[in-house]
Amino acid sequence: MMKILTAEEMGAADRRTAEQAGIPMAQLMDAAGTAVAAFCLRRFPDVRSIVALCGKGNNGGDGVVAARVLAARGITARVVLLGSSADVKGDAAGALDQLRRETPQVAITEVFTEEELAAAIHAQPADLLLDAVVGTGFKPPLRGLAEAARKLIAEMATPVVSVDLPSGWNADSLEQTGDGAYRSNAVVTFTAPKRAHIFGYLTPGPVVVAPIGSPDSVVLSGANLYWTGSSKTIAEKPRDANSNKGKYGHVLLIGGSYGTAGAPSMSSLAAMRTGAGLVTAAVPKSVVDLVAGIAPELMVKPLEEGPEGAIALSNVQGAQLEKLIERMSVLAIGPGLSQRGEASAAVRELIARTKLPAVIDADGLNAFAGATDLLDGSGRTLVLTPHPGEMARLAGMTVKEVEADRIGLARSFATKHKLTLVLKGWRTLVAHPDGSIGVNTTGNPAMSKGGSGDILTGIVAAMLAQFPDDVARAVETAVYLHGLAADFAAREMDEHTVLATDTVAHLSNGFRYRVRDEDNLTWLCGLR
């Protein structure tokens, strides 16, 4: 699993790499700069000239290495150093010496004033800028030449690749934006993402992680946070040639009411597209025909309903539904259910009566507002997928209070109730009963439309049906795939025009996509 680190934890990992694994820092720096160069060549194949803007520390050393490697590949490279090369120490100084020896054609310009800085950057137009001024260990704000360079770059149209972080961004920040940080078009970081890489909107382009030699054993996260994309490997293995629908589970989707037949329809469609062997939608009999029309492959089960058009409690208390559930692998309940009539009571009764793995969403969640003591995942698989409003109702809080400490709330709720909690929103959290949390980085504003949550419910249920013994990775993969499909949809269409069902149409792109590319770079954000 790819852990999410603080700046201090990253520094400790580097030190342990040298002390325990015997890999010197100079070798790590060389690997880092080489990875940056590889990314630049892949992402910007038409680039013929670059300027590496370098500080005097190790981040600057990474930039110097990248300039050397790019120059060796025929790219015209220049290094603009903020200060004197005589002040560059340690491994960064070694990188400068190697640059001079192996690629003497690379000009190194030392700047000491804002006028010299502007002249150096604009001396010869470049196709690409490398921001290697300050990295993970830096604490804002920027000052002096570093701040002057930020203002210059903000006025330029040249694309910028950030080495480790956009200079000036606090690596430990959980904020979406970093005021006072450099403009960036792409970020290449090393070994493991830091909190800012996961929670911040660092760039409209990609954020990638490059392995540079540190073994997994030295990378330790005290907060027990990691990236959901690591789990996707379970969905990348080819299916057994000797397959049949019985091997991939049967999802029972219970939901819908008069006026909201679309929700269970979308959930069912998503479950089928995600690979469940069979899907049955159990909905009020008045909307059966509408739900069945979503796809001929969908099976439907009519349920008794009250005068309000919602499912009746008698469905749960009779033997008919119990017999149906016996043949199922996973229960998904809530999309379009409504809170009218006996619907909420039926949800509570059903969850109490069965130990079937269950995904609860929408009004299925609202049924437990003020009754969360009935949510107990002990001895069973229970997955909740609330948005902030639903979470607020479950926790007896305001939405503002939920958003103030998403990580703490998600962890405490999941551990207390021994369940998996998918707290949706910017960087959806997948909190597990053991206190670990996966953080998702896929998705975009196109998902801010009705039906997105219903789609996710179906995807989660289908993944659980296929991987019942790997609940954590199944749920994390579902969340990751949902956002990834939306990213593909937005790229092909537009964020304004994407519908929830368009994400279902792009699930195949998500399954085929590999988070690690040919250069061994892991893409946290952005599509290749």
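Contact here means heavy atoms within 4.5 Å of each other. With that in mind, helix 12 of this predicted model makes a good place to start. The helix spans residues 343-353, and its buried residues are Ala343, Ser344, Ala346, Val347, Leu350 and Ile351. Because these residues cover an arc of only 160 degrees around the axis, they sit on the same side of helix 12. What does this buried set of helix 12 pack against? The partners include three strands of the chain, namely strand 9 (250-254), strand 12 (330-333) and strand 13 (358-360). Helix 10 (314-317), helix 11 (319-326) and helix 13 (363-366) are partners of the buried residues as well.

Helix 12 also carries a salt bridge of its own. The side chains of Glu349 and Arg353 meet there, at 2.8 Å from N to O. Both residues belong to helix 12 and lie 4 residues apart, which is about one turn of the helix. Glu349 is partly exposed, with a relative accessibility of 26%, and Arg353 is likewise classed as partly exposed, at 42%.

Salt bridges elsewhere in the model deserve a look too. Side chains of opposite charge can pair when their charged atoms come close. Across the whole structure, the search finds 19 salt bridges. One of them joins the side chains of Arg68 and Asp30, with 2.5 Å between N and O. This pair links distant parts of the chain: Arg68 is in helix 3 (residues 58-72) and Asp30 is in helix 2 (residues 25-43), 38 residues apart. Are the two partners buried or exposed, or something in between? Arg68 counts as buried because its relative accessibility is 9%, under the 20% limit for that class. Asp30, with a relative accessible area of 29%, is partly exposed.

A further salt bridge connects Lys424 with Asp361, whose closest N and O atoms are 3.4 Å apart. Lys424 lies in the loop between strand 15 (420-423) and strand 16 (429-431), while Asp361 lies in the loop between strand 13 and helix 13, so the pair ties together parts that are 63 residues apart in sequence. Strand 13 and helix 13, which flank the loop of Asp361, are also among the elements packed against by the buried residues of helix 12. Both Lys424 and Asp361 are buried.

Finally, some charged side chains join in a larger arrangement than a pair. Arg42, Asp517, Glu518 and Asp519 are linked in a network of salt bridges.

Definitions and conventions. Residues numbered from 1 in each chain as written. Predicted model: local features only at pLDDT ≥ 70, side-chain atom pairs only at ≥ 80, totals over all residues. Heavy atoms only, no water. Buried < 20%, exposed > 50% of the residue type's maximum accessible area, 1.4 Å probe, protein only. Helix = DSSP H or I, 4+ residues; strand = E, 2+ residues; numbered from the N terminus. Arc of directions from axis to C-beta. Salt bridge = Lys/Arg side-chain N within 4 Å of Asp/Glu carboxyl O.
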